[in-house]
Amino acid sequence: MKRGNTTVIIGAQWGDEGKGKIVDVLSHNFSIVARYAGGHNAGHTVIIQGKKFVLQLVPCGVLRSGCRSVIGNGVVLDPLALLKEVKMLRDAGVHVDGNLFVSNRAHVILPYHRMIEMGAENAPGRVKIGTTSRGIGPAYEDKMGRRGLRVADLLDSSLLKSTVENACREKNMIAHALFNSEPLDADSMYAEYARAAEEIAPFVTDTALLLNQALAEGESVMFEGAQATMLDIDHGTYPFVTSSSCTAGGAVTGTGVPPNAIQTVIGVTKAYCTRVGGGPFPSEVEGTIADQLRARGNEYGAVTGRSRRCGWIDLPLLRYSQMINGVNWWVVTKLDVLDVLDEVPVCVGYRINGKKYDSIPALAIGFDRVECVYEKMPGWKTSTEGVTSFEQLPKKAQEYLRFIERESGAKVGMVSTGPDRDQTVLLPEFAAGFRAVTENAAPQKGARTK
Ligand code: IMP
């Protein structure tokens, strides 16, 4: 039987590119949307007919009827955060029950992960990463250190009890010795997480099995990336990264779907660039122009509310992203934010100590010495807000997009011209690819048919 289509959606920059909206727009072509990395440090904002949803853990596919959502084994799961989000969705009338599946192999974030992270972030002499304070890094450390608690273990009350007791003893000692933190109480932690486990149990399953069976039956699966390429633990601006594999490769290890099952990779990039937290950002700008981008793009974190650093689109970075992820198509978001500019600078290369480079340095210190080489594109000075076809975009905006695709190794398939589902340009070749997928795909389970 023909295997179903698989598409991975990744962030090409430092996150917050607007992946949530893109997953939402494309999800009607897929019967399953699966998250494969990160945790509730992600903040995916989706606006449907003016109603705003901020999802942190549950894949954005949950907002489409007939689309199932999977939280894969590569995610680190805070059970309390999950239950809060499930409640928010149920209250909004979204069908979560029977539609959401959580991997029994995903690792669990517990309060001592947050305690260790807060201590480490504020400790003198440590590099401050500017994390989201969700315990993400320490949870992945425990996973790699082979002392983590998986969702399957959370559901086993005696294993939960012994793990919480042992971990609290150890982490309390470490956190007190290193950071002078107040100790956490193992008994109340066990009671709270045992209750949460009961509520989570109906969602838990072997999601690798579910996904592979669905593909074998011809269903199509979209893998929803969280964070982004430059925050990837291996390929990002280390150590100013998150602790997971956000790049396309993570979709394989983070869900149990084999590498040869991945067909298409879509990279999402803003028409400019932003970053939250510390770390290198060669094309960053400051002052009035940064304030203008921040205000027009509403560049404040969906999870932490922190204001985002702003700058220009960076082509060496996009070329690197294209290479690492094998991006087939770009989706360019927030084009309308640039509408008022007289000219739009584009970083076309790097200069380090007077020498030109096309690629990204590995060392953060190398990044500090990067000077961007800019090419200035003329601004279009016309509103693109809500435009839905490429031809309707001002000529200069079309040239800007064509320049990006020529210089970055992949075609632009879609452009976002506003936050709503409908404020989207789909280029015909890209749209035709998805139509073909939909026409060939097996009927979606639970989808209404006429
Ligand atoms: P952590 O993921 O909380 O450990 O944070 C590590 C770095 O990744 C920090 O610079 C965060 O600001 C950044 N980060 C984590 N999640 C996101 C996201 O969803 N969007 C943008 N940046 C993020």
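Which residue in β10 does Val8 stand opposite? In this predicted model, the residue opposite Val8 is Phe223 of β10. The two strands concerned are β1, which spans residues 6–11, and β10, which spans residues 221–224, and they run parallel to each other, joined by 4 bridges.

Strands β1 and β10 are neighbours within an open sheet of 10 strands, in which the order is β9-β7-β5-β2-β10-β1-β11-β14-β18-β19 and the pairing is mixed. The edges of this sheet are formed by β9 (204–205) and β19 (424–426), and because each of these has a single partner strand, one side of each is left without a neighbour in the sheet. As a general matter, the strands of a sheet pair through backbone hydrogen bonds, in either a parallel or an antiparallel manner.

A further open sheet consists of 3 strands in the order β16-β15-β17, and here the pairing is antiparallel. The edge positions are taken by β16 (355–357) and β17 (370–378), each of which has a single partner strand, so that one side of each remains without a neighbour in the sheet. On average, and with direction ignored, neighbouring strands of this sheet are turned by 45 degrees against each other. Strand β15, comprising residues 343–352, is joined to β16 by 3 bridges, the two strands running antiparallel, and Ile352 has Lys355 in β16 as its bridge partner. Helix α13, which covers residues 395–408, packs on this sheet and touches both β15 and β17, while its direction makes about 145 degrees with that of β17.

The surroundings of the ligand were examined next. There are 16 residues around the ligand, of which Asp16, Asn41, Thr132, Thr242 and Arg306 come nearest. The residues of this shell divide into 6 nonpolar, 8 polar and 2 charged. Two of the nearest residues, Thr132 and Arg306, each place a polar side-chain atom beside the ligand: that of Thr132 lies 2.5 Å from an oxygen atom of the ligand, and that of Arg306 lies 2.8 Å from an oxygen atom of the ligand. In the case of Gln227, an N or O atom of the side chain is 3.1 Å from a nitrogen atom of the ligand. Taken alone, the ligand exposes 470 Å², and 96% of that area is buried by the protein.

How values were computed
Residues are numbered from 1 along each chain as its sequence is written. This is a predicted model: local features need pLDDT of at least 70, side-chain atom pairs count only at pLDDT 80 or more; totals for chains, interfaces and linings use all residues. Side-chain values use heavy atoms; hydrogens and water are left out. Two strands pair if DSSP finds at least two bridges between them. Axes are lines fitted to C-alpha atoms, for helices over the stretch in contact, and angles run from 0 to 180 degrees between N-to-C directions. Contact means heavy atoms within 4.5 Å. A residue is near a molecule or strand if one of its heavy atoms lies within 4 Å of it. A polar contact is a pair of N or O atoms within 3.5 Å; within protein, one must be able to donate a hydrogen and the other to accept it, and residues adjacent in sequence count only if both atoms are side-chain atoms. Accessible areas come from the Shrake-Rupley method with a 1.4 Å probe; for residues, only the protein chains shown count as cover. Ala, Val, Leu, Ile, Met, Phe, Trp, Tyr, Cys and Pro count as nonpolar, Asp, Glu, Lys and Arg as charged, and the others, Gly among them, as polar.
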